[in-house]
Amino acid sequence: MLMRNHLFFIPLFIITFGHSQKISVIDVDTRLPIADVAVFNRSQEKFATTNVRGQVDISQFGSEEQIIFDHISHVQQEFVKSDIEHAGNVVYLKAETRLLDEVVLSATKWKQRKEEVSHQVVSINRADVQFANPQTAADLLSSSGKVFVQKSQQGGGSPMIRGFSANRLLISVDGVRMNTAIFRSGNLQNVISIDPFSVSSTEVILGPGSTIYGSDAVGGAMSFFTLRPTLSADGKPIFNGNAFIRHATANNEKTAHADFSLGFNKWAFVSSITFSDFDDLVMGSHGPDEYLRPEYVVTEGGVDRIVENDDPKVQRPTGYDQANFMQKIEFVPNDRWNFGFGLYYTETTDYPRYDRLIRHQDGLPRSAEWFYGPQRWLMTNLRVENRKSNDWYDKLRLTTALQYFEESRNDRDFQADIRTSREEQVDAYSANLDLEKKLSPTSKLYYGAEYVLNNVFSKGEDISIIDNTTQPTSTRYPDGSDWQSMAVYANYLYKPVRNLSLQGGLRYNYVLANADFDENNAFFNLPFEQAKVSTGALTGSFGLNWSPNQAIQWKLNFSTAFRAPNIDDIGKIFDSEPGAVIVPNPDLRPEYAYNGEVGVGLNFEKVKIELATYYTFLDDALVRRSFTLNGEREILYDGELSNVFAIQNAAKARVYGFEAGVNATLSHRLKLASKVSYTGGDEEQEDGTNASLRHAPPIFGDTHLIWDNHRLKLDLFANYNGEITFDQLAPSEQNKPFLYALDQNGDPYSPSWYTLNIRGQYNFANRLTTTIAIENITDQRYRTYSSGIASAGRNFIASLKYSF
């Protein structure tokens, strides 16, 4: 949108008096500087951008030349340079509300208009986060209506995107890859380490993202961007922050959060801290009886005893605590350079794996204990940015990071004296170099390089609960193993006309992995001592956006993705389920995905419709298959005779589906929004037949009726899931009856369900905000597909936030 203004049009373009060639560009509402404003003449032969302080030098422009100010989320404006020089040196731009959700960072790692991105991208801004009021980052993703979340326990949340999950999805935090060499194909809960209160925005790429993110981004990439320090625009120190408390009745949640921001002329700081206490989760009253918890195990004096649950709707034990801390520092010595440092730390208490505690054998509980030890995540990163245009780049960003991950698994059979504990630690080092170069008025090049190193440490021990004596046992992974990835990538954007953009990219990855099995050979007599991976992968993408008119926008995308074998694939030894053990396989290669999708957006002023459909073919899929170890198909593992399996390149899979969404403005204050997603597909089985995909959820969606008069916002909404019958379940899920309800034939299945909910938020004088919600009003008892824990029953949630 282009607006030309004279000096008297003060609300949209305000000039203060001065005689400098350097001007500052400021947001008229927030009074904060606006970085990355494009400043150019009509022919676009002269070009400059504002720095992080919102400053730009306009000396290259002629005195009577028209200068255009263009920012990705503000109203574009035009003015004569002489008027600026005569009138002042500060320009105020007005935010364009309709564009706030039309900017994405994740597609190229630099800011881009969504209309230029051919991928389907889900954006969740800070206002969305604060209104949705999620307990965890997994719940934050679920609130988008496009990401399905599985939970094995309350301290969990494994996203599913377009039929893929776990190590076929990528997670990044502030541009740093969070996936490690021990991310597994089974459900993961690492996303809960991200504090939703420190998140400023979240973007989810639906579909392959390997061109930018490399290995693992097969089904999608989830990018979390945290709070960033803010520099002072006028040289005067600025100090602000937020304090927040919340309580939820379904798990007696008690959460407290505070964040503080301090900004000077060249230095800025932001701190965030959150504490959460979750008790046992209470399920709903109306639904399958199979989900009830009639009894549980307690241990007193080293003796296990089954006790009756006084309220079978209380899922005992499921409670845990979590603490999150973040500190970020920004230093901007001049217009060209920007330095940022971040420190992130998250720690949980022990948290029970509930789905393992509800299994029975011969009428008795199978496990007396099964819990994850404290999950710890530490990240430090250093970001260096340079904005001096030259022949190689206009913007350069170097991000280096060190991460530390710690997790453990602890289990003990019912009435057994020995608890087995296996602990894993990963040191992850990474360096990313990302560059942006404007090649012409119609084209840009985004390119860069990445290096990742993971060192994996693993130990195992058996602990007597009688006298606390210990003895070594097999480790989950080869201790001291490592995984490396080196990559270069380039992405080219060509926009010949305003309503058409073409984008294509290539990435080459080289992966090395090394695992030594000396320690585990003492327990299993493996037929090999080492496993090595040395492999390369070339992936690419091409897409276009075309808007033939104001009412229609077409998106077309073709892309490939890959996942290289990691340490979990080549070196893991663990029991995936009762009577089955996974053993190492050194002979693995990458799996590849080939994807095509088309989407269309229809804009009828008051009604907007988005439709997308896709098809993905997965070749050389890394899947679990029967295996032999020293010629044996069964081995003794943790005292139980178990069938031997291993990860192998042994299957093909296809995934297809559609996504639809509608947003309707019913009146000035009343809006309707609805989304639905369907995923189907099948995977080749060991006998050559095809069967349903494990990570393809049922059809799901949500519908919101929202009334907003600025101070008061009300949202009446419904969440809903379809049914998956026994015949539609993947074979691996059919063998887990303890997770599901039983149909009339006594077979497991995943029933359909819905919840009705209402949420309200009131803002008192822009400082005090309260949010009150009632979720699952009708008190439904349900489990999301493949989950081991039932979701919350009727849940009253109240929160209070004070901003200063």
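Proline 317 sits in the loop between strand E26 (314–315) and strand E27 (320–331); helices (H or I, at least four residues) and strands (E, at least two) are DSSP runs, numbered from the N terminus. The peptide bond joining arginine 316 to proline 317 is cis, with omega at about -10°. Most peptide bonds are trans, and most residues other than glycine have a negative phi.

A word on the source: this is a predicted model, where local features need pLDDT of at least 70, side-chain atom pairs count only at pLDDT 80 or more, and totals for chains, interfaces and linings use all residues. Residues are numbered from 1 along each chain as its sequence is written, and side-chain values use heavy atoms, with hydrogens and water left out.

Now for the positive phi values. Asparagine 468 and its loop come up in the table, and so does aspartate 779. Buried here means under 20% relative accessible area, exposed means over 50%, and partly exposed is in between (1.4 Å probe, protein chains only).

| Residue | Phi | Loop between | Relative accessible area |
|---|---|---|---|
| Asparagine 468 | near 65° | E36 (443–464) and E37 (470–472) | 58%, exposed |
| Aspartate 779 | near 60° | E55 (768–775) and E56 (795–803) | 8%, buried |

Asparagine 252 also has a positive phi, of about 50°, and belongs to the turn of the hairpin formed by E20 and E21, with four residues between the strands. How many bridges join strand E20 (residues 238–248) to strand E21 (residues 253–263)? There are 11, and the two strands run antiparallel; strands count as paired if DSSP finds at least two bridges between them. Within that pairing, asparagine 242 has aspartate 259 in E21 as its bridge partner.

E21 carries on into another hairpin, this time with E22 and three residues between them. Here 10 bridges join E21 to strand E22 (residues 267–278), again in an antiparallel run. Alanine 256 stands opposite phenylalanine 275 of E22.

Over to the charges: Asp479, Asp518, Glu519 and Glu529 form a negative surface patch. Patches take residues with over 30% relative accessible area and no salt bridge, and like charges are joined within 9 Å. A salt bridge is a side-chain nitrogen of Lys or Arg within 4 Å of a carboxyl oxygen of Asp or Glu. Of the patch members, glutamate 529 is found in the loop between helix H6 (518–524) and strand E40 (530–549), and glutamate 529 is exposed, at 55% relative accessible area.

Notes. Patches are made of residues with over 30% relative accessible area and no salt bridge: like charges are joined within 9 Å, nonpolar side chains (Val, Leu, Ile, Met, Phe, Trp, Tyr) within 5 Å. Accessible areas come from the Shrake-Rupley method with a 1.4 Å probe; for residues, only the protein chains shown count as cover. Lys and Arg count as positive and Asp and Glu as negative; His and the chain ends are not counted. The place of a charge is taken as NZ of Lys, CZ of Arg, CG of Asp or CD of Glu.
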